[in-house]
2 protein chains.
Amino acid sequence: MNAALGVTLVNGHSGNQVSTSERALHYGDGLFETIACHRGQPRWLPLHLQRLRQGCERLQIAFDAYDTLAEEIELLAAGQRRCIVKVIVSRGAATRRGYGPSGDERPTRIVSRHSWPREPEAAGLRVGISAVRLGSNALLAGLKHLNRLEQVLAQLSRPAGIDEVLMLSGAQQVISGSMANVFFADEGGLFTPDLCECGVEGVMRRVVLEAARGVPVIVRPVAADELPGVREAFLTNVRWGLRSVSVLDGRALHHDDYARQLRGLIDGGELLPGVER
Amino acid sequence: MNAALGVTLVNGHSGNQVSTSERALHYGDGLFETIACHRGQPRWLPLHLQRLRQGCERLQIAFDAYDTLAEEIELLAAGQRRCIVKVIVSRGAATRRGYGPSGDERPTRIVSRHSWPREPEAAGLRVGISAVRLGSNALLAGLKHLNRLEQVLAQLSRPAGIDEVLMLSGAQQVISGSMANVFFADEGGLFTPDLCECGVEGVMRRVVLEAARGVPVIVRPVAADELPGVREAFLTNVRWGLRSVSVLDGRALHHDDYARQLRGLIDGGELLPGVER
């Protein structure tokens with residue numbers, strides 16, 4: 001195994017090619033996970049595998065090599081101070097043409113290691129509102145599936161000087177960032193958008209909800225016109241952990257009490273990259 | 001060039017592998033075309049290339065090899081009695097991780113030849129209503145992009161004995177089939193759903209709209225509760241041409257006057273596979 005960053009395994013074999021028949025390529029017919037690895041260890045691996053399993057069940061993808069996949073993730077993380085390991089599970093190479101799977105496909109897993117990206121350097125994130133809306137579909141909501149053109153368009157149109165954009169549904173509900181979940185606090189306490197119609201149920205979102213048992217978080221629809229009343233906001237993903245928002249849609253936020261309290265609750269803070277540095 | 005069906009060209013080279021870094025694989029970040037070829041010739045090729053060009057412009061994909069692509073399509077169609085040539089244009093191999101393109105990607109084109117599929121044998125199509133809804137997104141509407149999980153789910157749940165399913169938006173508007181556009185007629189005349197919020201602007205739909213200058217077609221939102229008043233319906237794609245619906249949501253339809261008239265108008269009918277047989 002080459003110790004350099006950039007290694008890829010396709011169904012366990014070192015290589016960087018897949019079949020042109022992969023349904024992930026033709027239709028985005030598959031799922032992915034992005035796993036933060038620190039000191040040679042993947043973080044929150046059971047949660048990633050659990051979400052992947054739920055996604056495969058909902059999309060009827062017959063993937064079952066979870067133990068092998070976990071070993072491959074650990075292999076790629078081993079010896080790295082920090083890195084990202086990305087997993088793609090495609091329904092597999094098509095066994096016939098057309099949208100409908102035959103049921104005979106054999107899932108393809110692609111596990112790749114990537115260098116830790118450069119992060120926004122400011123203490124707080126500057127967050128805008130994307131003009132790109134998220135389509136609603138309860139059957140896909142929550143899944144980390146491969147149909148991500150909306151996020152691509154949101155990033156393409158992200159203004160310079162803005163670290164991340166919030167994305168709304170067509171019904172003007174705030175759903176998430178383009179690559180992170182979002183939590184807000186107002187006078188009434190902490191809340192985060194429900195993801196019944198769109199959005200991804202992030203692993204770090206789940207960690208926060210678990211950690212926050214002593215800090216009630218209300219999961220509910222969040223209308224865009226509530227944003228002016230927000231006094232604290234933070235974004236979550238496994239790379240960022242909890243990152244406070246310093247500017248929300250042009251308005252400075254001066255509070256980070258909930259984010260600090262929650263970071264402390266999550267494993268004494270030691271599992272969060274932001275605390276680790 | 002191997003004369004057998006199943007040939008694939010990747011950026012002009014014979015082969016059936018692409019990079020695991022392709023953005024089409026990671027995000028569905030690309031477009032496709034499915035081209036019906038008869039007697040060695042791709043049909044409606046200028047319309048396919050025009051739609052691809054519009055899609056690349058809207059998604060800011062810097063593809064410009066249209067002449068080369070046309071030659072490759074013609075090469076794969078040559079000598080075949082009838083076949084399908086499928087084109088995928090991916091934004092290219094990622095030059096960095098994450099949703100946002102760097103702008104340095106070089107688009108990848110995949111051109112593959114497939115055998116003509118077995119068609120439903122009955123004279124008319126039996127059409128149901130899918131429980132899978134189409135998410136609305138005006139920025140993606142009309143494009144033949146690679147985010148097709150909704151169509152995959154619609155095909156996965158299509159009942160036995162049903163040839164195709166109509167898909168509705170979340171607002172209960174009829175948009176299209178899962179792999180075809182749809183036209184309806186009632187006492188007031190012919191109409192077809194507008195595709196401002198979701199759906200694919202099919203090449204055969206466009207051919208029908210062009211042909212129908214003497215047969216006015218109203219393009220407008222179509223509510224699901226209008227279906228009981230429909231007396232004729234037909235589906236269009238480049239493989240089917242115009243195929244009449246014999247059963248719509250459990251109700252037999254006995255008319256095909258518009259479909260017959262339009263088939264006659266479209267190049268004397270000779271370009272339509274259904275007429276050719």
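## Helices 2 and 3 of chain B

In this predicted model, helix 2 (residues 45-59) of chain B packs against helix 3 (residues 66-77) of chain B at about 140°, with the axes 11 Å apart. That makes the two helices of chain B oblique to each other, a class for angles that are not under 35 degrees, over 145 or from 65 to 115. Their crossing is right-handed.

If you look along the packing, Leu45(B), Leu49(B), Leu52(B), Arg53(B) and Cys56(B) of helix 2 meet Tyr66(B), Leu69(B), Ala70(B), Ile73(B) and Glu74(B) of helix 3, where contact means heavy atoms within 4.5 Å. Eight of these residues are nonpolar, none polar and two charged.

## The corresponding pair in chain A

Turning to chain A, the axes of helix 2 (residues 45-59) and helix 3 (residues 66-77) come within 11 Å and cross at roughly 140°. This crossing, too, is right-handed. Here Leu45(A) and Arg53(A) are among the helix 2 residues that meet helix 3, whose partners include Tyr66(A) and Glu74(A).

## Where the chains meet

Between chain A and chain B, 52 residues of chain A are in contact with 52 of chain B. The two chains bury about 4,500 Å², 65% of it on carbon and sulfur atoms; this is accessible area (1.4 Å probe) lost on being put together, summed over both. In chain A, Arg97(A), Tyr99(A) and Leu149(A) lose the most area to chain B, together 19% of what that side buries.

How many salt bridges does the rule find across the interface of chain A and chain B? Zero, with a salt bridge taken as a side-chain nitrogen of Lys or Arg within 4 Å of a carboxyl oxygen of Asp or Glu.

## Reading the numbers

Residues are numbered from 1 along each chain as its sequence is written, and chains are lettered from A in the order in which they are written. Local features need pLDDT of at least 70, side-chain atom pairs count only at pLDDT 80 or more, and totals for chains, interfaces and linings use all residues, while side-chain values use heavy atoms, leaving out hydrogens and water.

Conventions
Axes are lines fitted to C-alpha atoms, for helices over the stretch in contact, and angles run from 0 to 180 degrees between N-to-C directions. Helices (H or I, at least four residues) and strands (E, at least two) are DSSP runs, numbered from the N terminus. A crossing is left-handed if the near helix is turned anticlockwise from the far one by less than a right angle, and right-handed if clockwise. Ala, Val, Leu, Ile, Met, Phe, Trp, Tyr, Cys and Pro count as nonpolar, Asp, Glu, Lys and Arg as charged, and the others, Gly among them, as polar.
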